Amino acid sequence: MSHDSAALSNLSRNAVRAARAADPVSEPRLVRYLLTTVALLFLGLFLVVPLVAVFYQALSKGLGFYFDALVDPDAIAAIKLTLLTAAIAVPLNLVFGLAASWCIAKFEFKGKALLTTLIDLPFSVSPVVSGLVYVLMFGAQGWFGPWLEDHNVQIIFAVPGIVLATIFVTFPFVARELIPLMQAQGNDEEEAAHVLGASGWQTFRRVTLPNVKWGLLYGVILCNARAMGEFGAVSVVSGHIRGQTDTIPLHVEILYNEYNFSAAFAVASLLALLALVTLGLKLLAERHLAAQLAAQRDGGEVPAHAGPVNPIAAAATPTQHPVQ
């Protein structure tokens, strides 16, 4: 009997070894430790060390100098202009992203592939090139330059040019987050809401929007971070007028070129803090989005904090009834 037990034990151990050998994700412990160490060293060298260096240099002359650099009139003007640009660009890209993703994911029409390609255009074009395009169009010697000058309208080297350049480089972020999400969800819930008597606006507000709200938040977070940190396109169209058309990244460049390193890093720390806040919000949105997608895939219910998955019945008004 003991001989049979030993044989079964050997067979079990052999089966476990065979299963581990056949498992493509099972690696020797030494290999796992080595890969993990390399990844942590890479992240530490190229992510953590530069981030720590920014705050170290910013505080190298003390808190008094740090706050003095932040409340400098030119720094205040750069911060205000950056916030103003983001406050204009992000809502416009939010509206565009919702409209474009709704059209691409829910409808079939001629030019759909072209629209999808154009959405990706800012990802493939250098921001500097996009800024030069706006100069070519709206500059003094540009296509519309003489007409704008005759009507006393200034776009290049002014706030409108900065806003236009920022909108161009950031408009794919919201749409690119929503398109695959809407395509994965399909049209079943919208069609069911329509059968129940819901109008188009009710279907969008009570069915489509709750299902994509975390993806929408994710896209808005990325869009806002890029809008506040954009350098290339804004640098071309701003004219670098100190205190008037300098955003935070441009102000950092000016201070650094003047060898005012501590002040430059103090202002740059604002962008670093923005990056950390963006990362935290991004992780929160990813967690809620993953939970919502998992619940939809499994046919279950989404947790209360993630919002309803199938609010079709709520899309119909009390006076509307499903088709019998």
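In which helix does L45 lie? I looked this up before anything else, and L45 lies in helix α2, residues 29-58. The model I am reading is a predicted one.

**Entry: the surface around L45**

I checked the accessibility of L45 and found a relative accessible area of 53%. The cut-off for exposed is over 50%, so L45 counts as exposed. I then looked for a patch and found a nonpolar one on the surface, made of F42, L43, L45, F46, L47, V48 and V52. Together these residues have about 720 Å² of accessible area.

**Entry: the whole chain**

I counted secondary structure next. The protein chain has 16 helices and 0 strands. I noted 324 residues in the protein chain, with buried residues making up 36% of them. For the accessible surface of the protein chain I have about 18600 Å², and carbon and sulfur atoms hold 69% of that. I also took the contacts in the protein chain with a separation of 6 or more: residues 24 or more positions apart account for 74% of them.

**Entry: salt bridges, R242 and D74**

How many salt bridges does the count come to? I get 6 salt bridges by the rule used. I went through several of them by residue.

I started with R242 and D74, whose side chains meet in a salt bridge at 3.1 Å, N to O. R242 is in the loop between α13 (232-238) and α14 (248-257), and D74 is in helix α4 (residues 73-106), so this pair ties together parts of the chain that are 168 residues apart in sequence. I have R242 as partly exposed at 33% relative accessible area. D74 is partly exposed as well, at 24%.

**Entry: E190 and K106**

I moved to E190, which sits in helix α11, residues 188-195. E190 forms a salt bridge with K106, and the closest N and O atoms are 3.3 Å apart. The pair links distant parts of the chain, with E190 in helix α11 and K106 in helix α4, 84 residues apart.

Are these two buried or exposed? E190 has 11% relative accessibility and counts as buried. K106 also counts as buried, at 11%. The cut-off for buried is under 20%.

I also listed what else touches E190. Its side chain has a polar contact of 2.6 Å with the side chain of T208. Leaving aside neighbours within four places in sequence, I find E190 in contact with W102, K106, T203, V207 and T208.

**Entry: R176 and D120**

The side chains of R176 and D120 meet in a salt bridge at 2.8 Å, N to O. I place R176 in helix α10 (residues 172-185) and D120 in the loop between α5 (112-119) and α6 (121-124); this pair links distant parts of the chain, 56 residues apart. R176 is partly exposed, with a relative accessible area of 26%. D120 counts as partly exposed at 26% relative accessibility.

**Entry: the network with E258**

Which residues are joined into one network by salt bridges that share partners? I find D74, R242 and E258 in it. E258 lies in the loop between α14 and α15 (261-298). At 43% relative accessibility, E258 counts as partly exposed. I also note a polar contact of 2.6 Å between the side chains of E258 and R242.

**Entry: D246**

I looked at D246, in the loop between α13 and α14. D246 is buried yet has no salt bridge. The nearest side chain of opposite charge is that of R242, 5.6 Å away. A salt bridge needs the nitrogen and the carboxyl oxygen within 4 Å. I listed the contacts of D246 without neighbours within four places in sequence: A77, A78, L81, H240, I241, H251 and I254.

**Entry: positive phi**

Most residues other than glycine have a negative phi. I therefore wrote down two cases that go the other way, H240 at about 55° and Y259 at about 65°.

H240 lies in the loop between α13 and α14. H240 is partly exposed, with a relative accessible area of 32%. I also have H240 among the contacts of D246.

Y259 is in the loop between α14 and α15. At 66% relative accessibility, Y259 counts as exposed.

Technical notes: Residues numbered from 1 in each chain as written. Predicted model: local features only at pLDDT ≥ 70, side-chain atom pairs only at ≥ 80, totals over all residues. Heavy atoms only, no water. Helix = DSSP H or I, 4+ residues; strand = E, 2+ residues; numbered from the N terminus. Polar contact = N/O pair within 3.5 Å; in protein donor to acceptor, adjacent residues only side chain to side chain. Contact = heavy atoms within 4.5 Å. Patch = residues over 30% accessible without salt bridge, like charges linked within 9 Å, V, L, I, M, F, W, Y side chains within 5 Å. Areas by Shrake-Rupley, 256 points an atom, 1.4 Å probe, with all protein chains shown as cover. Buried < 20%, exposed > 50% of the residue type's maximum accessible area, 1.4 Å probe, protein only. Lys, Arg positive; Asp, Glu negative; His and termini not counted.
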